[in-house]
Amino acid sequence: MGKKLYIPGPVEVSPDVYQAMCAAMVGHRMKEYAEVHHRVTTGLKNLLNAPGPVFLSTSSAFGVMEGAVRNLVQKRCANFANGAFSGKWHDVTLRCGLQADKFSAEWGRPITAEMVDEALATGKYDAMTLVHNETSTGVMSPLEEIAEVMKKYPEVSFIVDTVSSMTAVPIDLGALGIDVCLAGVQKAFGLPPGLAVFAVSQRALEKARTTPNRGYYFDFEEFEKNDLKDNTPSTPVISLIYALDHQLKKFFAEGLENRYARHRQMAEATRQWILDQGFGLFAAEGYRSMTLTSGANDGKTDLEKLKKLAGERGYAIDNGYGKIKNQTFRIPHMADMTMGDLRELFDLLEELLPQVRT
Ligand SMILES: Cc1ncc(COP(=O)(O)O)c(C=O)c1O
């Protein structure tokens, strides 16, 4: 038996989503696929108010993160890093053989508009990467403020990972002017992993066409050419696309504003609960994520043991990521989760905490 997932991705998947994945298979060059593809990409464009196309990539998010730099870095990339995933993106950029510099903020702190402005003012860069919601720390950087600064640098491709924020907070691409906005579906979309979605601006599509050595699998021009026929360059993960079609219908039925409000309410309740238990909040005030909250260990709690005890009760919980493992723990509040799910977790933890605290 699987455990109930209370980790910040992959998240717990609702039974109706699994059901949607079981629809009969079709060939991706058949008109039946084109219909689903069209519906899904139209839904994503509406969700994001995307002025350009939204593509479907059969990969995890890192595939598109790598693809974005391969398509859009011609000169030098500024990678802004304030946690594990944003830091790794710098490594990925270098491993693609590209020129790049890393601009770091302390874990727990956001990337600020001032940092971005200062780095780009040097004129050295033609692309930048930003992780909107650092899942490793629970920090959400101020996307609107950074987008405002980016308007001063139209020659710099603005590449944003919204892996753990897309669908949970408003992301208005028309207003933000982001060149690539990407997400994996195993977080706030509430789907099993294996599919990534990414919106690309016309400006970025034009630039990508002139970039050498961008490979095949993540070549934006290939995505664009196929998407015009409601298709993908290579065989997509069709079952997950059925599930995404289903989830998008649910998002619009719930109402996007209600969906964002539900995430906000769960975030606030989680922060309060963590404080009530005597823990601190790891992320800086004003930059706390709407989809997961990082608690700061009080130094008296054996988080490994807590995880083990929760596991024995059929729950998967988190005890921190990377260099802040066991110093922090992360509670997710995203996708199809409700206040009822959170209460279930809090009840369990309130029962177990006295056994793991000294
Ligand atoms: C913010 C962020 N970016 C990137 C990734 C990497 O995603 P994937 O493992 O789907 O490639 C993750 C995974 O947790 C993430 O949270």
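Aromatic rings and a ligand site

Ring pairs tie four residues, Phe55, Phe198, Phe220 and Phe223, into one cluster. The structure discussed here is a predicted model, and a search through the whole of it turns up 12 aromatic pairs. A pair of aromatic rings is described by two things, the distance between the centres and the angle between the planes.

Take Phe198 and Phe223, two members of that cluster. Their ring centres are 5.1 Å apart and their planes meet at 80 degrees, so this pair counts as edge-to-face; the cut-off for that label is an angle over 60 degrees. The pair also links distant parts of the chain, with the two positions 25 residues apart in sequence. Phe198 belongs to strand S10, which covers residues 196-200, while Phe223 belongs to helix H9, residues 220-227. Are these two rings buried or exposed? Phe198 has a relative accessible area of 1%, so it is buried. Phe223 comes out at 5% relative accessibility and is therefore buried as well, given that the limit for buried is under 20%.

Another pair is made by Tyr217 and Phe218. Here the centres are 4.8 Å apart, the planes stand at 90 degrees, and the arrangement is again edge-to-face. The two partners are covered to differing degrees: Tyr217 is partly exposed, at 35% relative accessible area, whereas Phe218 is buried, at 16%.

Rings also meet charges in this model. The charged end of Arg259 sits over the ring of Phe251, 3.7 Å from the ring centre. A second case involves Arg357, which lies over the face of Phe279 at 4.4 Å from the centre of the ring.

Now for the ligand. Which residues are around it? They are Ser60, Ala61, Phe62, Met65, Phe85, Val131, Asn133, Thr135, Asp161, Val163, Gln186 and Lys187. Sorted by class, this shell holds 6 nonpolar, 4 polar and 2 charged residues. Helix H3, residues 61-72, supplies the largest share of the shell, with 3 residues.

Some of these neighbours come up again when side-chain N and O atoms are considered. An oxygen atom of the ligand lies 2.5 Å from an N or O atom in the side chain of Ser60. Lys187 shows a similar picture, with a side-chain N or O atom 2.5 Å from an oxygen atom of the ligand. With Asp161, the ligand atom is a nitrogen, and the distance to an N or O atom of the side chain is 2.6 Å. How much of the ligand does the protein bury? On its own the ligand would expose 390 Å², and the protein buries 87% of that.

Two further positions help with finding the way around. Gly314 is in the loop between helix H12 (303-312) and strand S13 (315-317), and its relative accessible area of 28% makes it partly exposed. From Gly314 to Phe223, the cluster member met earlier, the separation is 91 residues in sequence and 41 Å in space, C-alpha to C-alpha. Ser86 is part of helix H4, which spans residues 84-95. With 1% relative accessibility, Ser86 counts as buried. Measuring C-alpha to C-alpha, Ser86 and Asp336 are 26 Å apart in space, and they are 250 residues apart in sequence.

Methods
Residues numbered from 1 in each chain as written. Predicted model: local features only at pLDDT ≥ 70, side-chain atom pairs only at ≥ 80, totals over all residues. Heavy atoms only, no water. Phe/Tyr/Trp six-rings, centres within 6.5 Å; stacked < 30°, edge-to-face > 60°. Helix = DSSP H or I, 4+ residues; strand = E, 2+ residues; numbered from the N terminus. Buried < 20%, exposed > 50% of the residue type's maximum accessible area, 1.4 Å probe, protein only. Lys NZ or Arg CZ within 6 Å of the ring centre and 35° of its normal. Near = heavy atom within 4 Å. Polar contact = N/O pair within 3.5 Å; in protein donor to acceptor, adjacent residues only side chain to side chain. Areas by Shrake-Rupley, 256 points an atom, 1.4 Å probe, with all protein chains shown as cover. Nonpolar A, V, L, I, M, F, W, Y, C, P; charged D, E, K, R; others polar.
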